[in-house]
Amino acid sequence: MTRLLFIPGSLREASSSRATVGALAQRLGDTVESTVANIGALPHYNADLSDDPHVGGFIKQIADADGLVFVTPEYNFSVPGVLKNAIDWASRPAYASAFKAKPCFVISVSGGALGGVRAQAHLKYILNGMLAEVFTCQEVVITQANAKVKDGQLSDETVLTFAEEHLSAFLKTLGASFGVNPRMTQG
């Protein structure tokens, strides 16, 4: 079974990033096992720290996943610090980390009209620097995302269909496709 690790870039439970993750995970079928990373459990990056169980667990989640799906908001024209912190932890050793050759799919969300395009560009740049394989497609940007969340999930069918089309193409590169009866775990 294909394993996807969703990495939301926001810690807030009611964020549009998490609402997008929830909506997409529900659309995934029984051929995909979806897990959501808890990047808020990671300490601030400090190379003097070693053997933190949260860091080890996060790196293992990345290594065990067949693909990563980042859903990031844009904070001050870039990626949130908490997301960059998580990436920094998992990026070691340089050029030989769990990110090396890892297929990645990037979605950005924003309460504004640009949908987080700057954060998406920055995140792709960061992932390329770690030798991850960033999936190339039309950018999936969700504009005015907060207004598109209903009952804790992204509810805009047009946006979800567009995202699903490109996520489906990403999944095909991993040997999976969309279906019904999702299986999702928190971690």
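## Around F99

F99 touches I62, L68, F70, I87, A90, S91, L127, M130, L131 and A132, leaving aside residues up to four places away in sequence. That makes F99 a handy place to begin looking around this structure, which is a predicted model.

## Two nonpolar cores

F99 is also among the residues with the most contacts inside the largest nonpolar core, together with I7, F58, L68, F70 and L127. This core has 28 residues. Several elements give two or more residues to it: the strands β1 (2-8), β3 (67-73) and β4 (103-109), and the helices α2 (53-64), α3 (81-90) and α4 (117-129). Which element provides the largest share of this core? That is α3, with five residues.

Apart from this core lies another one, made of 27 residues. If you would like to find it in the model, look for V21, A23, I142 and L171, which are among its members.

## A closer look at A90

One of the residues that F99 touches is A90, and A90 sits in helix α3. Is A90 buried or exposed? Its relative accessibility is 0%, so A90 counts as buried, the cut-off for buried being under 20%.

Beyond four places away in sequence, A90 touches F58, I59, I62, S97, A98 and F99. I62 therefore appears in the contact lists of both A90 and F99, with contact meaning heavy atoms within 4.5 Å. For a sense of scale, compare A90 with N76: the two are 14 residues apart in sequence, and their C-alpha atoms are 23 Å apart in space.

## Where α1 meets α5

Two packed helices are described by the angle between their axes and the distance between the axes. Helix α1 covers residues 16-27 and helix α5 covers residues 157-174. Their axes come within 11 Å and cross at roughly 60°, and the crossing is right-handed.

Which residues make this contact? From α1 come A23, L24 and R27, and they meet E157, L160, T161, A163, E164 and L167 in α5. By kind, the residues of the contact divide into five nonpolar, one polar and three charged. A23 has a place in the second core too.

## Salt bridges

Side chains of opposite charge can pair when their charged atoms come close. How many salt bridges does a search of the whole structure find? The search finds seven. One of them joins R27 and E164, with the closest N and O atoms 2.8 Å apart. This pair links distant parts of the chain, since R27 is in helix α1 and E164 is in helix α5, 137 residues away. With a relative accessibility of 23%, E164 counts as partly exposed.

Another salt bridge is formed by the side chains of D64 and K60, at 2.5 Å from N to O. These two are four residues apart in helix α2, so about one helical turn separates them. D64 counts as partly exposed because its relative accessibility is 32%.

The side chains of R118 and E74 also meet in a salt bridge, at 2.8 Å from N to O. R118 lies in helix α4 and E74 in the loop between β3 and α3, so this pair ties together parts that are 44 residues apart in sequence. The partners fall into separate classes: R118, at 28% relative accessibility, counts as partly exposed, whereas E74, at 18%, counts as buried. Finally, salt bridges with shared partners join R27, E157 and E164 into one network.

Technical notes:
Residues numbered from 1 in each chain as written. Predicted model: local features only at pLDDT ≥ 70, side-chain atom pairs only at ≥ 80, totals over all residues. Heavy atoms only, no water. Core = buried A, V, L, I, M, F, W, Y, C linked by side-chain atoms within 4.5 Å. Buried < 20%, exposed > 50% of the residue type's maximum accessible area, 1.4 Å probe, protein only. Axes fitted to C-alpha atoms, helices over the stretch in contact; angles between N-to-C directions. Left-handed = near helix turned anticlockwise from the far one by under 90°. Nonpolar A, V, L, I, M, F, W, Y, C, P; charged D, E, K, R; others polar. Salt bridge = Lys/Arg side-chain N within 4 Å of Asp/Glu carboxyl O.
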